[in-house]
Amino acid sequence: MSILSIVSLRKSFVSPEGPRHIIVDIPEFSLSAGQQVALRGESGSGKTTFLNLIAGILAPDSGGILIDGRNMAALSEPARDRLRATSLGYIFQTFNLLQGFTVLENVELGMAFGPSGIDRARASSLLAHVGLSTKLHHRPRQLSTGQQQRVAVARALANKPRLVLADEPTGNLDRKHACEAISLISDTCREAGAALLLVSHDEEVLAQFEETRDFAAINRCLSAAGGAS
Amino acid sequence: MTLPLIVYRSLRQHALSTLVTAASIALACGLLLTVWMVKVQTQRAFVDTTTAFDAVLGARGSKLQLVLNAIFHLEASPGNVSNADYQAIKRHPAVKTAIPIAVGDNYFGWRIIGTIPELFTDVEYTRGRNYAVEPGGRLFDPEKHEAVVGSFVAQKLALKVGDTFKPYHGLNFNPNEQHPDVYTIVGILAPTNTPADRVIWIPIEGVQTMTGHDPAAATDVSAVLVQLRAPTAGMMLDIRYNRQGNRLTFAYPVGTVIADLFNKIGWLDQVLALVAYLVALVAGASVLASIYASMDARRRDIAILRSLGARRRMVFGTIIAEAAVIGLLGAVAGVAVYAGLFGGVAGVIRAQTGVVLDVTHWHPVLVLCPLGMIALGALGGVVPAWKAYRTPVAENLTPSS
């Protein structure tokens, strides 16, 4: 059963020079429940836009994005916010932790907008699972980059999402920590039963996944241009 | 839980600007409360002080000067009233009580007023309250050189029963003009929170016959404080003294004379209120400016919250709540500022007039003004909240890949 199903998805932006450019043109893409896929793509190829469309942060020009049977593309913005809060986890390259909040509060905020609200015990348990049980009340800036990424992973899984999106999650990590982070993300998603869609341009990261695809192969505007833009 | 946590963390993150902005609101709140309450309470206190007597009879001159001199013990006496005129109004069938007073001496700048013991035994200084002498003391004997001292003077000059003093001539203290007459303090008045607390009271004959005073005026009085049997009598006496006569002034009703004074200085209240409103306006603008200035730094945090599922209206509400909390902090501190400012102003008014203002006296403005400051703070948050509402999420999350 598909947890994510994309049909005829198009997104364009008006460039500063004036003309409108199509960034994403994906006829079809799907992800089964629990499936883990790594998308290979160069910087500037529209991978982040693609993930933001799936997350409902951006609205598409046309097409459908079915998440767990609900069409994200057809929902109002508040409904997209709610679907994102209930069904999706998002791990960013820059972690995007809130610096004014503690590690524990960052994870709690990942639950705050979902259906069940904040569950401190679960937040603590998730942080213990990623090896941060002694850092609950630290501020993000007091952690190493690898530890910050772990917080981001815990936060992404805080709401028991069906699908986790990871955008260049190792972009700010060194090689050793990058491999550890991918293993952590992959293992944690698998244990939580969440599907994982990860985008990266790092071949060593991509090599850790059984299933990889070229973003250029699924994004028609890139394949028409002959590869990454 | 989420919204209070976000507001709390945001306020802590911007602690300095939060404190400065709250301080400006506190100042505005304190000023507004002080201006308002001093105005309200001063009028109330002055009117209460005048309730003891219906009218004052004095020499021809300004009614206001007469009332200020005879009841508030301010200003100079406009002149003397002959004993015959005093006896005439005392015997008038419409007059319930007539209390003569004589002024003209001081003790280290505190006024010495001559009167009769009936002022303390027959007259309520305000509704339902009679004068009382502190335990261990008594009223002066009108036949002797004895004095009863107002509580404020006793405190300031550390006077006690049994002490003696020699008065000084005139209303202002001049060490070269001391009378040889010696007076013994036989009582300290219990506090009345009226101008009577700022006076040293002696028998009226004491002032009239003080060594060095004009013997020709030995039976004159400075003014007569009058209680009437009926208000209509006041109109009749007003016509008799003010329109038909030309030697005396009959200040009636006393409350109206004081109300005229407040009307005359009403512009001062308006100027102070205008200043306070302007300060409030600036305080509201400072909320707007401080939060708006921090919006650039907050855009990423807002985008992160949105990416976690926070709705636009929640982000809007967070900023409004933050601004309102700044207003609340300012309002609470403003009440403290008010207490301090009001205490200072009340101290000056008491020292100058003897009228006591009560900082704890209830008035709806004590709640309405702080609530207004909270609303003003929230209003100041609307523009930055709108900016937060419009923050594009994707642009502020991550560099695109």
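Across all chains of this structure, a search of the whole model finds 24 salt bridges. The model is a predicted one, so please keep that in mind throughout.

I will start with one of those pairs. Side chains of opposite charge can pair when their charged atoms come close. In chain A, A:D25 and A:R10 form a salt bridge, and their closest N and O atoms are 3.3 Å apart. A:D25 sits in strand β2 (residues 20-32) of chain A and A:R10 in strand β1 (residues 2-14) of chain A, so this pair ties together parts that are 15 residues apart in sequence.

Staying with strand β1 of chain A, that strand also holds A:S8. The phi angle of A:S8 is near 50 degrees, which is a positive value in a residue other than glycine. Most residues other than glycine have a negative phi, and most peptide bonds are trans. On the second point, chain B has a case to look at: the peptide bond from B:Y252 to B:P253 is cis, with omega near -15 degrees. B:P253 is in the loop between β12 (248-251) and α9 (254-264) of chain B.

Next, the two chains together. The size of an interface is often given as the accessible area lost when the parts come together. For chain B and chain A, about 2,700 Å² is buried between them, with 58% of it on carbon and sulfur atoms. Chain B gives 25 residues to the contact, and chain A gives 37 residues. How many salt bridges are there between chain B and chain A? The count is four. A:D81 forms a salt bridge with B:R306, where the closest N and O atoms are 3.2 Å apart.

B:R306 brings us to the helices of chain B, since it belongs to α11(B) and takes part in the contact with α12(B). Two packed helices are described by the angle between their axes and the distance between the axes. Helix α11 (residues 295-307) of chain B packs on helix α12 (residues 312-353) of chain B at an angle of about 135 degrees, and the axes are 10 Å apart. That angle makes α11(B) oblique to α12(B). Their crossing is right-handed. Besides B:R306, α11(B) puts B:M295, B:R298 and B:I302 into the contact, and α12(B) puts in B:R312, B:V315, B:I319 and B:E322. By class, the residues of this contact divide into four nonpolar, no polar and four charged.

Now helix α2 (residues 15-49) of chain B, which I will take with two partners. The first partner is helix α13 (residues 365-380) of chain B: the two pack at an angle of about 155 degrees, with axes 10 Å apart. That makes α2(B) roughly antiparallel to α13(B). Is the crossing of α2(B) and α13(B) left-handed or right-handed? It is right-handed. Among the residues in contact are B:L33 and B:M37 of α2(B), and B:C369 and B:P370 of α13(B). This contact of α2(B) with α13(B) has 12 nonpolar residues, no polar ones and no charged ones.

The second partner is helix α10 (residues 266-293) of chain B, whose axis comes within 9 Å of that of α2(B), at a crossing of roughly 160 degrees. That makes α2(B) roughly antiparallel to α10(B). Here the crossing is left-handed. The residues that make the contact include B:S17, B:T21, B:K39 and B:Q43 of α2(B), and B:D269, B:Y277 and B:S290 of α10(B). The contact of α2(B) with α10(B) divides into 15 nonpolar, six polar and two charged residues.

To finish, look again at α2(B): its crossing with α13(B) is right-handed, whereas its crossing with α10(B) is left-handed.

Notes
Residues are numbered from 1 along each chain as its sequence is written. Chains are lettered from A and ligands numbered from 1 in the order in which they are written. This is a predicted model: local features need pLDDT of at least 70, side-chain atom pairs count only at pLDDT 80 or more; totals for chains, interfaces and linings use all residues. Side-chain values use heavy atoms; hydrogens and water are left out. Axes are lines fitted to C-alpha atoms, for helices over the stretch in contact, and angles run from 0 to 180 degrees between N-to-C directions. Helices (H or I, at least four residues) and strands (E, at least two) are DSSP runs, numbered from the N terminus. Angles under 35 degrees count as roughly parallel, over 145 as roughly antiparallel, 65 to 115 as roughly perpendicular and the rest as oblique. A crossing is left-handed if the near helix is turned anticlockwise from the far one by less than a right angle, and right-handed if clockwise. Contact means heavy atoms within 4.5 Å. Ala, Val, Leu, Ile, Met, Phe, Trp, Tyr, Cys and Pro count as nonpolar, Asp, Glu, Lys and Arg as charged, and the others, Gly among them, as polar. Buried area is the accessible area (1.4 Å probe) that two parts lose on being put together, summed over both. A salt bridge is a side-chain nitrogen of Lys or Arg within 4 Å of a carboxyl oxygen of Asp or Glu.
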